[in-house]
2 protein chains.
Amino acid sequence: MAKAQFDRDEVVENAIQLFWQHGYSASSMQQVVKATGLQPGSIYLAFKNKEGLFREALDAYSDHSKKRIKDALDGPDGVLKGICKVLESMIEQSTQAGYNSCFLIKTQLELAAEGNTLHELASSKLDEIEALFRSFLEKECEAELAQQRAACIMLHIFGMRVYGYKPDSAQRMRESLRLGLPWLPWDDNDER
Amino acid sequence: MAKAQFDRDEVVENAIQLFWQHGYSASSMQQVVKATGLQPGSIYLAFKNKEGLFREALDAYSDHSKKRIKDALDGPDGVLKGICKVLESMIEQSTQAGYNSCFLIKTQLELAAEGNTLHELASSKLDEIEALFRSFLEKECEAELAQQRAACIMLHIFGMRVYGYKPDSAQRMRESLRLGLPWLPWDDNDER
DNA sequence: GGCCTGCTTGAACGAACATTCAAGCAAAAC
DNA sequence: GTTTTGCTTGAATGTTCGTTCAAGCAGGCC
């Protein structure tokens with residue numbers, strides 16, 4: 001018997017790039033074939049169909065995101081400082097050429113029709129990220145406050161993921177974060 | 001010569017509903033034909049192509065949005081109170097069945113490829129809305145502060161337009177707004 | 001060595017896509 | 001009343017879509 005001759009993670013990584021950039025509907029299987037280097041038959045055997053590959057790409061993207069957040073919040077400077085770093089890195093991303101918001105948010109908006117399973121998958125992944133912030137915040141304050149603050153963080157993240165398309169918006173976003181999340185230990189040196 | 005036998009505004013309004021719900025790529029001309037009641041030939045004569053109709057829909061949606069904001073901020077209770085009302089009405093919208101974020105934001109994210117003219121059109125419309133808030137705020141405070149506050153409002157609006165998909169998020173959004181925009185005259189009676 | 005198993009290949013499929021255009025038609029112009 | 005003008009019709013166009021599948025192929029197993 002022959003084992004799969006491709007690296008599944010690498011294929012999924014390429015799929016993330018394609019789907020993240022163009023969205024679900026605007027990514028054709030022809031583009032997928034080109035981006036992954038696989039032939040149609042191999043893709044359909046390994047992932048069942050376009051939706052299966054997309055689902056796996058969304059999963060992998062979400063895992064990366066959660067890992068990055070966990071690592072930052074588990075870091076030596078503590079939870080609150082870690083949150084600041086995560087938020088600042090998102091601002092940083094928005095200044096780079098080819099900035100593309102967040103794959104989960106784009107998917108949630110694109111496939112927002114009621115009951116669409118990919119929309120719901122993206123929503124649940126975003127919920128998990130909010131739950132992640134909440135669980136870390138519960139080390140710092142009581143449960144209800146932690147939940148409210150996690151929601152407030154998500155609202156600001158969502159805002160930045162859209163506002164980031166505006167050129168030269170980084171400074172404005174930094175100011176807004178300091179105003180909207182005053183309980184975070186902002187470093188004024190960051191505020192160039 | 002025969003004049004157009006359809007009501008252009010009505011057609012555009014139907015196009016808004018379709019494109020707003022499904023996005024640009026996932027709306028087929030067949031669906032457009034059904035939604036508008038026009039035959040393909042009439043659509044192509046009147047709007048040139050799918051992109052032309054979409055552009056006109058985006059224009060009309062943006063005009064409606066700006067008008068609603070202007071009316072609220074010109075209202076008898078003053079600019080700041082008007083802003084509160086606009087924001088509260090957005091929270092209200094998110095609680096309704098079939099909630100669908102904001103057409104401009106969805107378009108900006110869906111067609112985010114560098115240089116896409118529809119992406120840029122949506123971006124410029126969002127900029128105009130920010131400029132609208134700024135011009136009204138300049139009646140209340142100095143220019144630089146007005147600009148910063150307008151940006152902060154937009155960030156919160158963007159956040160709500162995404163966070164609103166989460167069930168039962170209305171109360172959390174109200175709290176976040178009061179915390180993030182403390183210079184607005186919030187009515188505690190609204191805070192059920 | 002010869003069979004089996006299961007991945008790979010890529011041409012082919014029907015369906016759906018955006019768009020076109022010749023023919024039909026009705027109101028305006030004279 | 002006749003001609004002209006320009007919107008409407010809807011079948012047809014060529015392309016691209018997601019997906020399938022028979023044939024090819026190569027390592028694992030006896």
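Author: Before we start, two residues are said to be in contact if their C-beta atoms, placed from the backbone, lie within 7 Å. The model discussed here is a predicted one.

Reader: Which pattern does chain A follow when it is read along the sequence?
Author: Chain A has 192 residues, of which 34% count as buried, and its C-alpha trace spans about 55 × 35 × 35 Å along the principal axes. There are nine helices and zero strands in this chain. Reading along the sequence therefore gives one helix after another, that is, α-α-α-α-α-α-α-α-α.

Reader: What share of the contacts in chain A with a separation of 6 or more comes from residues 24 or more positions apart?
Author: The count takes in the contacts in chain A whose partners are separated by 6 or more positions, and it then asks which of these join residues 24 or more positions apart. The share that such residues account for is 59%.

Reader: How far apart are the end C-alpha atoms of helix H1 of chain A, and why does that distance agree with the length of the helix?
Author: Helix H1 of chain A covers residues 8-22, which makes 15 residues. Because each residue adds 1.5 Å, the helix should span 21 Å, and this agrees with the distance between its end C-alpha atoms, 21 Å.

Reader: Which helices are included in what covers the buried residues of H1(A)?
Author: A residue counts as buried if 20 or more other C-beta atoms lie within 10 Å of its own, and in H1(A) the buried residues are A:Val11, A:Ala15, A:Ile16, A:Leu18, A:Phe19 and A:Trp20. Just after this helix, A:Gly23 takes a positive phi of about 85°. The cover over the buried residues of H1(A) includes three helices of chain A, namely H2 (29-36), H4 (50-73) and H6 (103-110).

Reader: Which helices are included in what covers the buried residues of H7(A)?
Author: Helix H7 of chain A, residues 117-137, has 21 residues and should span 30 Å at 1.5 Å a residue, and its end C-alpha atoms are indeed 30 Å apart. Its buried residues are A:Leu121, A:Ala122, A:Lys125, A:Leu126, A:Phe133, A:Phe136 and A:Leu137. What covers them includes, from chain A, the helices H4, H5 (79-94), H6 and H8 (143-163).

Reader: Is A:Lys48 buried or exposed?
Author: A:Lys48 lies in the loop between helix H3 (40-47) and H4 of chain A, and it has a positive phi of about 75° although it is not a glycine. A residue with 12 or fewer other C-beta atoms within 10 Å counts as exposed. Because A:Lys48 has 12 such atoms within 10 Å, it is exposed.

Reader: How are H4(B) and H5(B) oriented to each other?
Author: Helix H4 (residues 50-73) and helix H5 (residues 79-95) of chain B pack with their axes 7 Å apart and at an angle of about 135°. The contact is made by B:Ile69, B:Ala72 and B:Leu73 of H4(B) together with B:Val79, B:Gly82, B:Ile83, B:Lys85 and B:Val86 of H5(B). By class, this contact has six nonpolar, one polar and one charged residues. Given the angle of about 135°, the two helices are therefore oblique.

Reader: How far apart in space are B:Glu51 and B:Leu118, C-alpha to C-alpha?
Author: B:Glu51 is found in helix H4 of chain B, and with 12 C-beta neighbours inside 10 Å it counts as exposed. Although B:Glu51 and B:Leu118 are 67 residues apart in sequence, their C-alpha atoms are separated in space by 8.1 Å.

Reader: Which helix gives the largest share of the side of chain A that touches chain B?
Author: In total, 34 residues of chain A are in contact with 34 residues of chain B. H6, H8 and helix H9 (170-180) of chain A each supply at least two residues of the side that touches chain B. That side divides into 16 nonpolar, 13 polar and five charged residues. Its largest share, eleven residues, comes from H8(A).

Reader: What kind of axis relates the two chains?
Author: A rotation of 180° with 0.0 Å of shift along its axis superposes chain A on chain B, with an RMSD of 0.0 Å. That relation is the one given by a two-fold axis.

Conventions:
Residues are numbered from 1 along each chain as its sequence is written. Chains are lettered from A and ligands numbered from 1 in the order in which they are written. This is a predicted model: local features need pLDDT of at least 70, side-chain atom pairs count only at pLDDT 80 or more; totals for chains, interfaces and linings use all residues. Copies are superposed by least squares on the C-alpha atoms of residues with pLDDT of at least 70 in both. Helices (H or I, at least four residues) and strands (E, at least two) are DSSP runs, numbered from the N terminus. The expected span of a helix is 1.5 Å times one less than its number of residues. Ala, Val, Leu, Ile, Met, Phe, Trp, Tyr, Cys and Pro count as nonpolar, Asp, Glu, Lys and Arg as charged, and the others, Gly among them, as polar. Axes are lines fitted to C-alpha atoms, for helices over the stretch in contact, and angles run from 0 to 180 degrees between N-to-C directions. Angles under 35 degrees count as roughly parallel, over 145 as roughly antiparallel, 65 to 115 as roughly perpendicular and the rest as oblique.
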